[in-house]
Each structure stands twice: as structure tokens, then as C-alpha cells.
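Student: Please take a close look at one part of this model: the salt bridges. I would like a connected account rather than a list.

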Amino acid sequence: MVNTAALPTPRLRWTVVISTVILHVLALLALLPSNFSWGAIGVALGLHALTQGLGISLGFHRLASHRSLRVPLWLEHFFILLGTLAFQGGVYGWVGYHRLHHKHTDQELDPHSASKGFWWSHINWLMHTVPTHSQLPRMTQDIRDDKFYQFCHNHYIGLQVALGVLLYLAGGMPFLVWGVFVRLLISFHGTCFVNSACHQFGYRPTDTNDMSTNCWWVAVLTYGEGWHNNHHACQSSACFQKSWWEIDLVWQVIRLLRAVGLAEKVKVAS
Ligand SMILES: [Zn+2]
Ligand SMILES: [Zn+2]
């Protein structure tokens, strides 16, 4: 039980503010014709599908945060590495904040409560020390002892730099600009829209005890995460799709993994 009256006032996290501004400025390099190539667009799309789709949506969210399925440890580590390369902070922070979001959805202790407005839930909460920050170790106890998780968490910046160097060596500035800066920007706002737009716009097939909504264009940006009201209605389910037209690409990947024997104990809402 947390005494909300005793919670510290959020302070600005300047390192996050500055690094977010730098990412947006670097992505503008894509406007220079010299940085354009179809190969670079292909690299960006491929890496986006791997890091946002398999890494964040499947690895960080459905696997690590909710344990909606089980996969062999080597495959789980591969998904966590991909999620780390989406550069949305260390895995412990991502999982811990997300579990806090489900525990206190749209209430005072939700790190990105939509009841504090669109801007707060989209990006502003990241720029501040949220009051529940100290609860992160307790919220992620089950994955704290895993050495590979620790490695990814501690080296997520170095891993991104290494990927950037490899892309630069492979295809020069176009690969670096599109494969890292533009991809990360789209990924970043995709996840932010799940927290903001999917608690403000769209429709609510289930009358959940929060503001969550289904938002088709966020589902497109995030390979199915935008069916967020479906997710809040049954957070342990690996499938976010309720109607046939609510396409959840990550769920199709999970079905494929299950069919070839690489996923088991797959939880699905009845
Ligand atoms: Zn939510
Ligand atoms: Zn969730």
C-alpha cells in the first residue's frame, strides 16, 4: 500500500529530455536527398518489424511483462535482445512501468495515467521521475536474476551504437539514418501512442474499469498492440484480436511458434 499523499513531486529528467530532442533532430536527416535509398527504407522496415514487432510487442510485452506464453530460453533471450534494440530504455524499466500501468490503470499511481491528459500519457511522463519509480525492482523480481536480461538492460545504449556502426559500415549514412534514427522515432511514438491514443480515442468493446480503447491505426503501427481495450479486458491473453478484422500480427507469429513447437502454455481469452 502506497500513501499517495507522501509521494515525491515529479522532477524533470534532463537526460531523457535532451536525448529525445536529439533523436527527433537526427531523424530529420532523412529529409536530405543524399540520405535516401530504397535499400535504407527496406532496412528500416525490416528492423522495425524485428525490434518493435518481435522485440517489444512479443518479447517485452506479452512474454516478459505478462507471461502470456512460454518459449525456449534461447528464443526468449533473442526476443529480449530485439526489444532492447528498439531502444525504449532497459528491459527492467519497460516491464516494471508496464506492470505498474496495469496495476493502477489511469489512477494516481499509474506511471502514464491517461487521466492526466494526452501529453502526459504520451511522452511527458517519461520526462519526469514518476513517483512509483522506487517500486521497479519489486515489480520485476522474477526476471532480475537472469544474466542475459541484466546484460541487455545494462548495455542497451552500447548495443544500439554497435548496430548503428554495423549499419553505417554496410550502407553508409542512408542505412544509419533510416535504420536507426527514423526507425527508433517511429518505434518510440508507436509505443507512446499505445499509452496515450489507446486510452483516449477509438472504441471500447469491453466496459473495462479504465479508459482503454481499441485504435486501429495504433494497431497498424505496432503489429497489433493497438487493440488495447481487448488487452486490458484480459491482460494475460497472448491474443489481442476479438473481431476478425482486428488484425493482430504478433498473435499470428505466436500461433506459428506454437504450431512448430516453439511456444507452449499460450494463454488466450475465452
Ligand atoms: Zn493501457
Ligand atoms: Zn500489457
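Tutor: Asp248 is buried, at a relative accessible area of 0%. The model is predicted, and in it the side chain of Asp248 forms a salt bridge with that of Arg62, with 2.9 Å from N to O. Asp248 sits in the loop between H10 and helix H11 (249-259), while Arg62 belongs to helix H2 (residues 38-65), so this pair ties together parts that lie 186 residues apart in sequence. Arg62 also counts as buried, with 0% relative accessibility. The pair does not stand alone: a network of salt bridges links Arg62, Glu225 and Asp248.

The whole structure has 7 salt bridges. Among them is the one between the side chains of Glu108 and Lys116, at 3.9 Å from N to O. Here Glu108 is partly exposed, with a relative accessible area of 44%, and Lys116 is partly exposed as well, at 37%. Another joins Arg204 to Asp210, whose closest N and O atoms are 3.8 Å apart. Arg204 is partly exposed, at 32%, whereas Asp210 counts as buried because its relative accessibility is 15%, under the 20% cut-off.

H10 (residues 228-233), the helix before the loop of Asp248, also has a part in the metal site. His228 and His232 are 4 residues apart in H10, which means about one helical turn between them. Both coordinate the zinc ion (ligand 1) through NE2, as do His101 and His199, at 2.0 to 2.1 Å. His228 is buried, at 1%, and His232 is buried, at 10%. The angles among the 4 donor atoms run from 95 to 147°, and the site is irregular.

Technical notes:
Residues are numbered from 1 along each chain as its sequence is written. Chains are lettered from A and ligands numbered from 1 in the order in which they are written. This is a predicted model: local features need pLDDT of at least 70, side-chain atom pairs count only at pLDDT 80 or more; totals for chains, interfaces and linings use all residues. Side-chain values use heavy atoms; hydrogens and water are left out. Donors are N, O and S atoms within 2.8 Å of the metal (3.2 Å for Na, K and Ca); water is not among the atoms, so sites may look incomplete. Four donors count as tetrahedral if all angles lie between 85 and 135 degrees; four count as square planar and six as octahedral if opposite donors are over 155 degrees apart and all others between 65 and 115; anything else is irregular. Helices (H or I, at least four residues) and strands (E, at least two) are DSSP runs, numbered from the N terminus. Buried means under 20% relative accessible area, exposed over 50%, partly exposed in between (1.4 Å probe, protein chains only). A salt bridge is a side-chain nitrogen of Lys or Arg within 4 Å of a carboxyl oxygen of Asp or Glu.
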